[in-house]
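Student: I've got a new model open and I'd like to learn how to read it properly. Could you walk me through it feature by feature?

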Amino acid sequence: MEIIAEIGSVHNGSLKLAFRLIDTAKDCGATTVKFQTHIAEAETLKDAPSPKYFSKEKRYNYFKRTSFNINQWKKLKDYSEKRKIKFLSSPFSLEAVDLLEKINIRGYKIPSGEITNIPLIEKINKINKPTFISSGMSNWKELDLAIKKLKNVKKLTIMQCTSLYPCPANKVGLNIINKMRSRYKRPIGFSDHTIGITASILSIFYNVSSIEKHLTLSRKMYGSDAFNALEPNEFKLMVDSIKETKIILDNKVNKNDLKELKGMKRIFEKSIVIKNKLKKGEIIRFDDITFKKPGNGISPKNYKEVIGKKTKKNLNIEHILKKGDYY
């Protein structure tokens, strides 16, 4: 299971903070850390509108201020590899792809907003590196075209997501996962933009190969991503829950195999116990027995086999009945 920690731009342009976020992702159990590669002048007009959830700074200015240069990107990639966590980034322009190729990035994540940017998709297709593609704001026709254009990418994972920040529970769309798998015959992942971790856990029941979730050091941090991200303790809880859920689903239990339950059965189940003192040769009646713990004698389920039998010896009250006690 690939667990992707989406850093986005929560680093706010600080290389030191970006390193710390890589460490945090690794410590929380993520297998992959993912950044976003923005080159403002190649990506957006200066007067392009900002999303409603982030309007404190003009988009162009924000990308310009928080972007890294090629040497910084290489340091981030190398540090990730040193920490033994996979490094991905989402390019938002053709120039961003060129930059990432210069640092020999090992894989890409095509963001939801670039689904219709066919020149970018064709460029990544030619490169043929492991690629994730998000589908958060595309319909089937748009997604069909994008997947078709990525035909040369051998390791392609399609991510179901909904590009609402935060995504409400009724818009998650886990039902689409199986439709995607049937339609494209490719591995399907899930990019979770909800506030909590429930959707990520539930996606495991749909056999996703990867789960992506935004990570921040604190939701009070500045930027467009922090408010909708998980803090470290929450992210670790998600990872631990995913692993536990996988163990539960992957291990089938044989209901007839009770070897590990023998001790519990003895403690919690009951035995047939003598209620009234019986002399040798007396007939055992239902009123002469009761059912008490522990369960190391004759099981109450066999009580009818005992009724009407004669005792072989005197039996005292609270005696756990044995098969050798009657005939």
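Tutor: Sure, let's start with helix 8 (residues 175-184), whose buried residues pack against helix 7, strand 6 and strand 7. Keep in mind that this is a predicted model, where local features need pLDDT of at least 70 and side-chain atom pairs count only at pLDDT 80 or more, while totals for chains, interfaces and linings use all residues. Residues are numbered from 1 along each chain as its sequence is written, and side-chain values use heavy atoms, with hydrogens and water left out.

Student: What do "buried", "helix" and "strand" mean here?

Tutor: Buried is under 20% relative accessible area, exposed is over 50%, and partly exposed is in between, using a 1.4 Å probe and protein chains only. Helices (H or I, at least four residues) and strands (E, at least two) are DSSP runs, numbered from the N terminus.

Student: Which residues of helix 8 are buried?

Tutor: Ile177, Met180 and Tyr184. The general idea: an α-helix has 3.6 residues a turn, so residues three or four places apart point the same way. Down the axis of helix 8, the buried residues fall within an arc of 165° or less, to be exact 65°, so they line one face of the helix. That arc is taken over the directions from the helix axis to the C-beta atoms. Just after helix 8, Lys185 has a positive phi of about 55°.

Student: How do I read the strands around helix 8?

Tutor: Look at pairing: two strands pair if DSSP finds at least two bridges between them. Strand 6 (residues 156-160) and strand 7 run parallel, joined by three bridges. Met159 stands opposite Gly189, and Gln160 has Phe190 as its bridge partner. Strand 6, helix 8 and strand 7 together make a right-handed β-α-β unit. Right-handed means that, with the strands pointing away from the viewer, the path from the first strand over the helix to the second runs clockwise.

Student: What pairs with strand 6 besides strand 7?

Tutor: Strand 5 (residues 131-134) pairs with strand 6 in the parallel sense over four bridges, and Ser134 stands opposite Met159. The chain gets from strand 5 to strand 6 through helix 7 (residues 140-149), in a right-handed β-α-β crossover.

Student: And what about strand 7 and strand 8?

Tutor: Three bridges join strand 7 to strand 8 (residues 210-214), and they run parallel. Asp192 has Lys213 as its bridge partner in strand 8. Helix 9 (residues 198-203) carries the chain between these strands, and this β-α-β crossover is right-handed.

Student: Why is strand 7 called largely enclosed?

Tutor: Five of the five residues of strand 7 (residues 188-192) are buried, so the rest of the structure largely encloses it. Ile188, Phe190 and Asp192 point one way, Gly189 and Ser191 the other. Strand 6 is covered on both faces too: Leu156, Ile158 and Gln160 are buried on one side, Thr157 and Met159 on the other.

Student: How should I read a longer element, such as helix 10?

Tutor: Check its span, where the expected value is 1.5 Å times one less than the number of residues. Helix 10 (residues 232-250) has 19 residues and reaches 27 Å from its first C-alpha to its last, close to the 27 Å expected. Phe235, Met238, Val239, Ser241, Ile242 and Thr245 are buried, and they fall within an arc of 165° seen down the axis, so they line one face of helix 10. The face turned away carries the exposed residues Asn233, Glu244, Ile247 and Ile248.

Student: Where does Phe235 fit in the nonpolar core?

Tutor: In soluble globular proteins, nonpolar side chains tend to be buried together. A nonpolar core here is a set of buried Ala, Val, Leu, Ile, Met, Phe, Trp, Tyr and Cys residues joined through side-chain atoms within 4.5 Å. The largest has 63 residues, and Phe35, Leu76, Ile133 and Phe235 touch the most other members. Helix 1 (residues 15-27) gives the most to this core, with six residues. Another core, of ten residues, lies apart from it and includes Ile272 and Ile298.

Note on methods:
Contact means heavy atoms within 4.5 Å.
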